[in-house]
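Here are a few exercises to work through with the model open on your screen. Try each task before you read its solution.

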Amino acid sequence: MASNTGQTGFLPTGAALFCTIPDIFYLVELVFGGLVLCLVASTKLVPNNPQGYVIFVTIFCFLMTFLWLIVFATGCHRNKSSWATADVVCHGFASLLYLSASVLLALVTILYGATTSTILIVLEDTTLNYKLNIAAVVFAFLTTLLYVVHTVFSALRWKSF
């Protein structure tokens, strides 16, 4: 007679949150998202709308990730499979938002670099803004990658429920 000894789904609580693979990304996502927010907010670009969207996405995802961290750390999920499903959906949505914001920020940065390179005299403030935008693009894509990896591992955990 075969027994079912396979591992069932488990949502960690408390300090165990920082020892499981998908949940360890919460802190890294918060740090990288905060870096993107600081870098984008410290620059000045002519098209303000794309940067406003990037700032909206970073603040929204930062607050959402912090809320999920609190919910999982306090154990409010009570190890229910619906919370695992919500985790996958939430991080998948954050991945799409960050991907759209990263591509938009990269496009604006490329266009900004093309217009500043045609000017003969490049001011130091202009090059500083360009370098800050390049750093923001790099960290935005890294944060996108973190959210995608978190989504994949959360989906694998969700399948075990």
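**Exercise 1. Work out which residues the ring pairs link into a cluster.**

Solution. Keep in mind that this is a predicted model. Start with the total: the structure holds 9 aromatic pairs. Now follow the links from ring to ring, and you get a cluster of Tyr26, Trp68, Phe72 and Trp83.

Next, zoom in on one of these pairs. The ring centres of Tyr26 and Phe72 are 6.1 Å apart and their planes make an angle of 50°. Stacked needs under 30 degrees and edge-to-face over 60, so this pair counts as tilted. Then ask where the partners sit: Tyr26 belongs to helix H1 (residues 25–41) and Phe72 to helix H2, so their pairing ties together parts 46 residues apart in sequence. Both Tyr26 and Phe72 are buried.

**Exercise 2. Classify the pair formed by Phe56 and Phe60, and decide whether each residue is buried, partly exposed or exposed.**

Solution. Take the geometry to begin with: the centres are 6.0 Å apart and the planes 20° apart, which makes the pair stacked. Now the location: both Phe56 and Phe60 are in helix H2, 4 residues apart, or about one turn of the helix. As a reminder, an α-helix has 3.6 residues a turn, so residues three or four places apart point the same way. Last, accessibility, where partly exposed runs between 20% and 50%. Phe56 has 48% relative accessibility, so it counts as partly exposed. Phe60, with 34%, also counts as partly exposed.

**Exercise 3. Check the end-to-end span of helix H2 against its residue count, then list its buried residues.**

Solution. Helix H2 covers residues 48–74, which is 27 residues. At 1.5 Å a residue, the expected span is 39 Å. The C-alpha atoms at its ends are 39 Å apart, so the two agree. For the second part, the buried residues of H2 are Pro50, Gln51, Val54, Val57, Thr58, Cys61, Met64, Thr65, Trp68, Leu69, Val71 and Phe72.

**Exercise 4. Describe what comes after H2, and find what surrounds His77.**

Solution. Just past the end of H2, Gly75 has a positive phi of about 80°. Carry on to His77, in the loop between H2 and helix H3 (81–117). Its relative accessibility is 2%, so His77 counts as buried. A polar atom of the His77 side chain lies 2.9 Å from the backbone nitrogen of Asn79. Setting aside neighbours within four places in sequence, His77 is in contact with Leu11, Pro12, Thr13, Val71, Phe72 and Trp83. Two of those names, Phe72 and Trp83, take you back to the ring cluster.

Note on methods:
Residues numbered from 1 in each chain as written. Predicted model: local features only at pLDDT ≥ 70, side-chain atom pairs only at ≥ 80, totals over all residues. Heavy atoms only, no water. Helix = DSSP H or I, 4+ residues; strand = E, 2+ residues; numbered from the N terminus. Expected span 1.5 Å × (residues − 1). Buried < 20%, exposed > 50% of the residue type's maximum accessible area, 1.4 Å probe, protein only. Polar contact = N/O pair within 3.5 Å; in protein donor to acceptor, adjacent residues only side chain to side chain. Contact = heavy atoms within 4.5 Å. Phe/Tyr/Trp six-rings, centres within 6.5 Å; stacked < 30°, edge-to-face > 60°.
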